[in-house]
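Visitor: I have a few minutes before my next job finishes. Can you walk me through this one?

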Number of protein chains: 2
Amino acid sequence: MIIDRNSPVPQYFQLQTWLIEQIEQGVFKTNDKIPTEEELAEITGLARATIRQAVQNLVNMGYLERKRRLGTFVINNEAKSETRTIVGLLVPDIRSGYAPELARGVEDEAAKNKHSLILCDTDDLYVKTEFHVNRLLENSVAGVILMPPAATDEQNQKIVTRFLNNNIPVVLVDRIIPGIEIDYVTTNNFEGGYEITEYLIKKGHRKIGIVLSTLFSTERDRLEGYKKALTDHGIPIDPDIIIADSGPFIQNRYFKYARTLLKKRNDLSAIFAGHDRIALIFYSLAKEMGVSIPGDISIVGYDDLHFTTIPLTTMHQPIYEMGQESMKLIMSRINGEDKGPRDIVLKSHIVERESVDSLV
Amino acid sequence: MIIDRNSPVPQYFQLQTWLIEQIEQGVFKTNDKIPTEEELAEITGLARATIRQAVQNLVNMGYLERKRRLGTFVINNEAKSETRTIVGLLVPDIRSGYAPELARGVEDEAAKNKHSLILCDTDDLYVKTEFHVNRLLENSVAGVILMPPAATDEQNQKIVTRFLNNNIPVVLVDRIIPGIEIDYVTTNNFEGGYEITEYLIKKGHRKIGIVLSTLFSTERDRLEGYKKALTDHGIPIDPDIIIADSGPFIQNRYFKYARTLLKKRNDLSAIFAGHDRIALIFYSLAKEMGVSIPGDISIVGYDDLHFTTIPLTTMHQPIYEMGQESMKLIMSRINGEDKGPRDIVLKSHIVERESVDSLV
DNA sequence: ATAGATTAATTGTATATACAATTATACAAT
DNA sequence: ATTGTATAATTGTATATACAATTAATCTAT
C-alpha cells in the first residue's frame with residue numbers, strides 16, 4: 001500500500017515521496033507518462049484534490065510537467081539536477097608571488113570538470129577576506145579554496161567555520177591554520193627548508209643567513225628545516241643572522257633586512273631567502289650596493305617564480321599542481337566522496353642556477 | 001470589485017495579480033500581515049480553496065510567507081529581487097603579461113560594488129574561449145569582460161554575439177574586434193607607438209627595428225604609430241628591420257626574431273619591442289650573446305610590466321585602470337544606464353629607465 | 001486530400017465542507 | 001517564578017463534487 005492513513009505525515013506528502021522514489025529509481029523514466037490523476041486516485045484511494053496537491057508540488061520542484069489532455073510527464077532529471085559548479089578561490093593578490101600560477105592550476109582543473117572559478121583578492125587582510133566570504137556565501141558557491149590571510153588563527157578558523165556551517169567544503173592551500181581539522185594541500189616545507197640549507201652546507205657554506213616571516217606556517221616550517229639542517233651538520237644556530245619578521249610581506253621592511261644582512265657579508269657566505277620575492281630584493285639591493293651574486297655572497301630562494309633575468313637557485317614548488325590538487329580535493333568533497341580530513345603534501349625540489357658559489 | 005467573475009482569466013489568478021499589485025504598490029508592506037484566508041474569502045466572495053491557491057502561488061514565488069495561527073505575511077521584497085552579480089573575465093592566461101594586473105583592477109572595482117568575478121583562461125584559443133562562453137552562459141553571468149582571443153574577426157564576433165543574444169553585455173578590453181559595434185576599453189596604442197618611437201628618434205636613433213604581432217589591434221596600432229613617427233621625422237621605413245609576426249605570442253619564435261635583429265646590431269641602434277615580454281626576450285638573448293643593453297643596442301618595450309631586475313624604458317599602460325574602467329562600463333550596461341556603444345581610450349606614458357642610450 | 005466539426009481524455013478551475021495541527025495568549029497550578 | 005493546561009485563531013490536510021478548457025484523435029463533408 002502506498003499510503004498509510006494512520007501516519008502523521010500528510011497523505012499528499014506520502015504520495016509525493018512515493019512519486020519521487022519511482023522517478024529516481026527509474027520506474028517512471030524521463031518523458032514517461034505517469035498515471036492520470038483519476039488513476040492515481042484509484043490506486044491510492046485518495047481524492048483527486050489530494051493527488052493534485054502532491055503532483056503540483058512535484059511540478060514546482062521540477063520533477064513533473066503537466067500537459068492538458070495528455071497527462072503528466074517526467075522531466076529529464078539529468079538537466080534538473082543542475083549542480084552548482086562555482087568554486088571560490090581566495091588569494092592575497094592575484095598579481096603577486098605564485099598566485100597567478102596557482103590560480104591557473106585551479107582554473108584548468110575546474111575547466112576540465114566544467115566548474116567555474118570566482119577569484120577574490122584578500123590582500124592578506126582579515127576584513128577583506130570576510131567581505132569576500134559574504135559574497136561567496138551569497139553566490140552559494142559549491143566550495144572554497146582558501147589561502148588563509150595574515151590573520152590570527154582564531155580569525156582564520158572563523159572564516160573556515162562560516163563556510164562549513166553552510167555545508168560548503170573548504171580546502172586550504174599552501175598555508176595551514178592550526179587548531180582546525182580541515183583538508184589542505186601544501187608542500188613539504190620543513191623538508192624543503194632542510195634540503196636547501198643542506199645544499200648550501202654541502203657547497204661549503206657554514207655561515208648562512210635567513211630572512212622570512214613567521215606569520216605563515218610555510219615559512220615557519222622552512223625555518224625549522226633550516227635549523228635542523230644546521231644542527232645535523234654540527235653548525236651552531238646564530239640568532240644574529242636569522243631575521244624572522246612576524247607580519248605579512250612588506251617590501252620596504254624586507255629591503256631593510258636585506259641591507260642588514262648584506263652589510264654583514266663578510267661574516268656570511270650565503271643567504272636563504274624565505275621566498276623568491278625576498279631573493280629578488282636581495283638582487284635589487286646587491287646591484288645598488290655593488291655586491292656580486294654569487295661572487296660576494298650566495299643566495300637561494302624558495303618558490304621558483306619564473307624570473308627570466310636572474311639565475312636564482314631556488315626550491316621549486318609545484319604551485320600549478322597545488323592548484324590542481326586543491327581543485328580535485330574540493331570537487332571530491334563537493335561530491336561527498338570522502339569523509340575525514342585529507343592532507344596532500346607535494347614535494348618540492350631544488351633548481352640549480354647560478355646564485356650559489358661553491359666553496360669546496 | 002477585485003474579482004471579475006466573467007473574465008476568462010481564472011479568479012485565483014486575478015486574486016494573485018491583485019495581491020502582487022498591493023504588495024508592489026506598498027499597500028501591504030514588508031512584514032505586514034495580509035487578510036486571513038477567511039477574510040479574503042469574504043472580501044472577494046471566493047471559496048477558501050481558491051484563496052489558498054492564489055496565496056500558495058505567491059508563497060512559491062517568494063512574495064508571501066505563511067505562519068500557522070498567525071496569518072500570512074509579506075516577505076522583504078528587496079531581498080527577493082536578488083540581482084545576479086557575477087561578471088566573467090576572459091583573458092589569455094592569468095599568469096602572463098598584464099593579465100594579473102588587469103584582473104586585479106577588475107576585481108577591485110567589482111568588489112566595490114559587491115560583484116564577483118569568474119576568471120577564465122582562454123590561452124588565446126578560440127575553442128577554449130567557446131568552452132568558457134558556454135559555462136558563463138550556464139552560470140548566467142550579468143556581464144562579460146573579454147580580451148578577444150587570437151581568432152578570426154568572424155569567430156570573435158560570434159563569441160560576442162552569443163552573449164548579446166542572451167542580453168548579457170560585453171566589454172572588450174585592450175584588443176578590439178573590427179566590424180562589430182561594442183563597448184571597449186583600450187589605450188591609445190597608435191599615439192603610444194608614435195611617442196615612444198619619437199622618443200628614440202629624439203635620442204638620436206634613426207635605425208630602429210621593431211618586433212611585434214599584427215594579429216592584435218593593439219600591436220597593429222603601435223606599428224602604425226611607429227611608421228608615422230619615422231615618416232614625420234623624415235626617416236625611411238625599412239621593411240628589413242620590421243618583424244611583424246601574424247600569430248599569437250610564442251616564445252621560441254620571438255627568440256628567433258630577436259636573434260635576427262641582434263645580429264644586425266651594427267645596422268641598428270635601437271629596437272622597439274612590441275610589448276615587454278618581447279623586450280625580456282631581447283634581454284635574455286643579449287646576455288647570452290654578450291650584447292650590452294643599452295651599450296650596444298637600445299631597447300624600449302610597451303606595457304610596463306613590473307620587472308624589478310631589468311631597467312627597461314617602456315610605455316606604461318594603465319592596465320589596472322583599464323580593468324577598473326571595463327568593470328565600471330560593464331556595470332553601467334548591466335544597470336541599463338547607457339545606450340549605444342561607448343569607447344574608453346586611456347592614455348599611456350613613457351617611463352624612462354636605463355635601456356636607451358642617447359646618441360646626441 | 002483537405003478543411004472543419006465532433007469526441008473524449010485529461011488537466012484546470014472552483015466550491016462547500018470538515019477536521020487536524022500549530023501556537024500565541026491567557027489562565028491555573030505548583 | 002516556573003510549569004502545565006485550556007482556548008482560540010489561523011493555517012494545514014483531506015474529501016466530494018462540478019464544470020471549464022485544451023487538444024489529440026477521429027469522423028464528416030466537401
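Guide: We can take the protein interface, then the DNA, then the symmetry.

Visitor: What kind of model is it?

Guide: This is a predicted model.

Visitor: Okay, chains A and B. How many residues does each give to the contact?

Guide: Chain B gives 38 residues. Chain A also gives 38 residues.

Visitor: And what area is buried between chain B and chain A?

Guide: About 3100 Å². Carbon and sulfur atoms give 48% of that area.

Visitor: Which three residues of chain B supply the most?

Guide: B:R95, B:R104 and B:T309. Together they supply 21% of the area that chain B buries against chain A. No other three residues supply more.

Visitor: How many salt bridges cross the interface?

Guide: The rule finds 8 salt bridges between chain B and chain A. One of the residues just named takes part in a salt bridge: B:R104 pairs with A:D121. Their closest N and O atoms are 3.5 Å apart.

Visitor: How many residue pairs are in polar contact there?

Guide: There are 16 such pairs across the interface, with both residues at pLDDT 80 or more.

Visitor: Which elements of chain B supply at least two residues to that side?

Guide: Three helices and a strand: α5 (99–112), α6 (126–138) and α11 (276–289), plus β5 (116–121). The most comes from α5(B), with 7 residues.

Visitor: How does that side of chain B divide by residue class?

Guide: It has 15 nonpolar, 9 polar and 14 charged residues.

Visitor: Switching to DNA. Which residues are closest to strand C?

Guide: A:R68, B:R5, B:Q11, B:T50 and B:R68 are the closest. They belong to a set of 24 residues that surround DNA strand C. Both protein chains appear among those closest residues.

Visitor: How much of what the protein comes near on strand C is sugar and phosphate?

Guide: Of the strand C atoms within 4 Å of the protein, sugar and phosphate account for 73%.

Visitor: Where does A:R48 come in?

Guide: At a base. A polar side-chain atom of A:R48 lies 2.8 Å from a base nitrogen of DNA strand C. A:T72 goes to the phosphate instead: an N or O atom in its side chain is 3.2 Å from a phosphate oxygen of strand C. A:G71 uses a polar backbone atom, 3.5 Å from a sugar or linking oxygen of strand C.

Visitor: Which elements give two or more residues to that surface?

Guide: From chain A, α3 (48–60), β2 (64–67) and β3 (71–74). From chain B, α1 (11–24) and α3 (48–60). The largest share is from α3(B), with 4 residues.

Visitor: And the class split near strand C?

Guide: 12 charged, 6 polar and 6 nonpolar.

Visitor: Now strand D. Which residues come nearest?

Guide: A:R5, A:Q11, A:T50, A:R68 and B:R68, out of 25 residues around DNA strand D. Sugar and phosphate make up 74% of the strand D atoms within 4 Å of the protein.

Visitor: What do B:R48, B:R52 and B:R66 do there?

Guide: B:R48 has a polar side-chain atom 2.9 Å from a base nitrogen of strand D. The side chain of B:R52 has an N or O atom 3.3 Å from a phosphate oxygen. B:R66 places a polar side-chain atom 2.9 Å from a phosphate oxygen of strand D.

Visitor: Which element gives the largest share near strand D?

Guide: α3(A), with 4 residues. By class, the surface near strand D has 7 nonpolar, 6 polar and 12 charged residues.

Visitor: Symmetry next. What turn and shift lay chain B on chain A?

Guide: A turn of 179° and a shift of 0.5 Å along the axis, with an RMSD of 1.6 Å. The two copies are therefore related as by a two-fold rotation axis.

Visitor: Which residue of chain B comes closest to the axis?

Guide: B:I118, with its C-alpha at 2.8 Å.

Visitor: Why say the copies meet through the same surface?

Guide: Because 97% of the interface residues of chain B are also interface residues in chain A.

Visitor: Last one. How many salt bridges over all chains?

Guide: The structure holds 44. Among them is A:E109 with A:K112, where the closest N and O atoms are 3.3 Å apart. Those two sit 3 residues apart in helix α5 of chain A, so about one helical turn separates them.

Key:
Residues are numbered from 1 along each chain as its sequence is written. Chains are lettered from A and ligands numbered from 1 in the order in which they are written. This is a predicted model: local features need pLDDT of at least 70, side-chain atom pairs count only at pLDDT 80 or more; totals for chains, interfaces and linings use all residues. Side-chain values use heavy atoms; hydrogens and water are left out. Contact means heavy atoms within 4.5 Å. Buried area is the accessible area (1.4 Å probe) that two parts lose on being put together, summed over both. A salt bridge is a side-chain nitrogen of Lys or Arg within 4 Å of a carboxyl oxygen of Asp or Glu. A polar contact is a pair of N or O atoms within 3.5 Å; within protein, one must be able to donate a hydrogen and the other to accept it, and residues adjacent in sequence count only if both atoms are side-chain atoms. Ala, Val, Leu, Ile, Met, Phe, Trp, Tyr, Cys and Pro count as nonpolar, Asp, Glu, Lys and Arg as charged, and the others, Gly among them, as polar. A residue is near a molecule or strand if one of its heavy atoms lies within 4 Å of it. Copies are superposed by least squares on the C-alpha atoms of residues with pLDDT of at least 70 in both.
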